[in-house]
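Let's take a walk through a protein structure together, one stop at a time. Keep the 3D view open and turn it as you read.

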2 protein chains.
Amino acid sequence: MSIFKDNKLQNTPVSELGEFGLIEHITKSFDCKNKSSEKGVGDDAAVLNFSKDKFQLISTDMLVEGVHFDLSYSPLKHLGYKAVAVNVSDICAMNGVATQVTVSIAISNRFSVEAIEELYSGIHLACAKYNIDLVGGDTTSSTSGLVLSISVVGEVNKKKISYRSGAKENDLVVVTGDLGAAYLGLQILKREKEIFLENPGVQPDLQGNDYSLQRQLKAEARVKLIEVLNELKIVPTSMIDVSDGLTSEILHIAKQSDVGITIYEDKLPIDHTTMNLARELNLNPIFCALNGGEDYELLFTISQDHYEKLKKDVDFTIIGHVTDKSEGNNFITNDSSSHPITAQGWDPIINNKKPQEK
Amino acid sequence: MSIFKDNKLQNTPVSELGEFGLIEHITKSFDCKNKSSEKGVGDDAAVLNFSKDKFQLISTDMLVEGVHFDLSYSPLKHLGYKAVAVNVSDICAMNGVATQVTVSIAISNRFSVEAIEELYSGIHLACAKYNIDLVGGDTTSSTSGLVLSISVVGEVNKKKISYRSGAKENDLVVVTGDLGAAYLGLQILKREKEIFLENPGVQPDLQGNDYSLQRQLKAEARVKLIEVLNELKIVPTSMIDVSDGLTSEILHIAKQSDVGITIYEDKLPIDHTTMNLARELNLNPIFCALNGGEDYELLFTISQDHYEKLKKDVDFTIIGHVTDKSEGNNFITNDSSSHPITAQGWDPIINNKKPQEK
């Protein structure tokens, strides 16, 4: 109810637009007017122009209990660490270096001082790891659960910034590290929570899944690999971090660069423990690698001139190439058949392969 | 419950420390290490050093439905406007100029696309008014109400920055505009909500209280007065914005500047409509001016050399002076008696004057 009667609003559900649609819808009426606003909404970070040789970068994330994390299997310390790390990852995705962070929290009265200390001990660890300073924030009450809002500030040499929009035809598509493990870590945690809820006396069985659990609970930003690219004198023509899933990020780069992208099943970097765990959980490891999300690896494109520099480095995998836009975005499976990459991601069920649990 | 058993946390309620105590407790272990981190937690904004002549400023606020606002009497458009304005006010309080803002929202499914458009129309208005650009944000689901997190970026000439910590003995204490109206506006809104809840057919009676309602619902940042100070070549020795209430802000400046502050009842700027409305609501107008909060005026100290420049300007009121720390913080009432200013604010009840409704 509102005591103000003047607004007769229509009632279109947000689900009709989706998150990306809603953001596009809301922000289309906002233009940047200040000369220090180099680039606003639409990349991993906003780009500010306050100095001669470098751009400043700012990115922000909001994490809501029950939506982005479940405190029954995300320890507060891990949550604090991850919240900072994933924001640093956004700065990496601009080829930048994170320098400061602000942390705001809304907490209900079920959180004690000691619980908040746990959360901040994780934030502290991440700040130390990534050499960034906590410079501000806000602390307030919440009527329900925990809400975290993190903003990170960073810098990048103006000549080295990588937007999502610079991929060129014939560029190589590269991804760092390996994919799919974080998603499987989440499945393990969900499984153990179910078992715990049914049998509260049973201790969680997390043994043997260290890698995927660590990838889920203690995400890391790929700052070292940004340094490696810098040493190799490679400036990606476009870059994004893998937060929502590889296919989703592929589509962002393709759309914003106005190109097509083709990637290959047999090139996808998947750790052997991820392969084994996926099979154990009756999941398709390729599906996990393509759509799982939360890997916080970097997906980028480079000129073919740099091929020799990266081809032998195990931290980087060339998974495809950039085409003309008219060719669309395609995933080539091991049987050499081509499947369009859609906003829904590549799903073995949608693609009429053997149905497996999603 | 947590499926992780390793943490045996104690259970100290946050109320034992209070908000300021909690922030101090949490942030004491965080040091700034990057040379671009000029000043971290503890002022109206963090101060970043990315360029030669100017500092960059960043401040952030989190607003939670049911804690900071009540949508039954805060229209979404007003809420969006105010959320930006109060952040711009933090940049003003550093003697700076706001340039960019990021807005993150968590929304439950009771918010329609049209409701979010209303919110952003207010944000848009504020961006236009203050000449700032919306450059980023995050949009996510919420399990309960609406949560807003705003970060604002600004700039200030390095020679003109005003911290809370620079007040000197014999400086004059100045406040802009007038005090207490925003608090009374809130009381009117609360009263009308009560009446509405008892008699849903009754239209709210808001007539005649335009000024206090506007001060509550459409807070403004004092950017024009920062420009005036600049034109007058006055750099405040210390500055803060009046968000929590005058006494609370007086204590912040006194503590951080290591001085005492004395202010006078007969100097407090109170609009005549505030005086009348306070009496109508059976409230002490002096109490409202001292403790009400949300006026978003600027409280600052200046060298006595600037006295002549400000004494005739109605937008600025000299309300007291800075003393040695040993004299403490005092409020001198019209009968010339001195009352210590405490963290609880100056309350006519606590101070044994005629008891009135708080």
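Does Glu294(A) count as buried or partly exposed? At 21% relative accessibility, Glu294(A) counts as partly exposed. The cut-off explains that label, because buried means under 20% relative accessible area. Before going on, remember that you're looking at a predicted model.

So who does Glu294(A) pair up with? Its side chain meets that of Lys82(A) in a salt bridge, at 2.8 Å from N to O. Lys82(A) sits in helix H2 of chain A, while Glu294(A) sits in the loop between helix H9 (285–291) and strand E10 (298–302), so the pair ties together parts that are 212 residues apart in sequence. The Lys82(A) end of this bridge counts as buried, because its relative accessibility is 13%.

Stay in that loop between H9 and E10 of chain A, and you'll find Glu297(A). This residue makes a salt bridge with Arg222(A), and the closest N and O atoms are 2.8 Å apart. The pair links distant parts of the chain: Glu297(A) is in the loop between H9 and E10, Arg222(A) is in the loop between helix H5 (210–217) and helix H6 (223–231), and their positions lie 75 residues apart in the numbering. Both partners are tucked away: Glu297(A) counts as buried at 1% relative accessibility, and Arg222(A) counts as buried at 16%. The story doesn't stop at two residues, either, as salt bridges that share partners join Arg215(A), Arg222(A), Asp295(A) and Glu297(A) into one network.

One more pair in chain A is worth finding. Lys193(A) forms a salt bridge with Asp70(A), with the closest N and O atoms 2.6 Å apart. Here too, distant parts of the chain are linked: Lys193(A) belongs to helix H4 (residues 181–198), Asp70(A) belongs to the loop between strand E3 (54–64) and helix H2 (76–92), and the two are 123 residues apart. Over all chains, the structure holds 31 salt bridges.

Now zoom out and look at chain A as a whole. Its secondary structure comes to ten helices and 13 strands. How does its radius of gyration fit with a compact globule? A compact globule of 358 residues would have a value near 21 Å, and chain A has 21 Å, which agrees. Along its principal axes, the C-alpha trace of chain A spans about 55 × 55 × 50 Å.

What share of the residues in chain A is buried? Buried residues make up 59% of the 358. If you take the contacts in chain A between residues at least 6 apart in sequence, 82% of them join residues at least 24 apart. As for the outside, the accessible surface of chain A comes to about 15300 Å², and 48% of that belongs to carbon and sulfur atoms. Chain A also carries 35 positive and 50 negative side chains, and the centres of these two sets lie 5 Å apart.

Time to hop over to chain B. Start with Gln56(B), which is found in strand E3 (residues 54–64) of that chain. Gln56(B) is buried, with a relative accessible area of 2%. Among the residues it touches are Phe50(B), Gly154(B) and Glu155(B), and also Phe50(A) from chain A. For a sense of scale, the C-alpha atoms of Gln56(B) and Asp335(B) are separated by 46 Å, and these residues are 279 apart along the chain.

Next, find Asp90(B) in helix H2 (residues 76–92) of chain B. Asp90(B) is a charged residue that is buried yet has no salt bridge, and the nearest side chain of opposite charge, Arg164(B), is 5.8 Å away. A salt bridge needs the nitrogen within 4 Å of a carboxyl oxygen. The residues that Asp90(B) touches include Asp44(B), Asp61(B) and Asp241(B).

Our last stop is about backbone angles. Most residues other than glycine have a negative phi. Which value does Asn131(B) take? Its phi is near 55 degrees, a positive value in a residue other than glycine. Asn131(B) is placed in the loop between helix H3 (113–130) and strand E5 (133–141) of chain B. Tyr296(B) likewise has a positive phi near 55 degrees, and its place is in the loop between helix H9 (285–291) and strand E10 (298–302) of chain B. Asn131(B) counts as partly exposed at 44% relative accessibility, whereas Tyr296(B) counts as buried at 10%.

Methods:
Residues numbered from 1 in each chain as written. Chains lettered and ligands numbered in written order. Predicted model: local features only at pLDDT ≥ 70, side-chain atom pairs only at ≥ 80, totals over all residues. Heavy atoms only, no water. Helix = DSSP H or I, 4+ residues; strand = E, 2+ residues; numbered from the N terminus. Rg over C-alpha atoms; globule rule 2.2 N^0.38 Å. Buried < 20%, exposed > 50% of the residue type's maximum accessible area, 1.4 Å probe, protein only. Contact = heavy atoms within 4.5 Å. Areas by Shrake-Rupley, 256 points an atom, 1.4 Å probe, with all protein chains shown as cover. Lys, Arg positive; Asp, Glu negative; His and termini not counted. Charge placed at Lys NZ, Arg CZ, Asp CG, Glu CD. Lists of a residue's contacts leave out its neighbours within four places in sequence.
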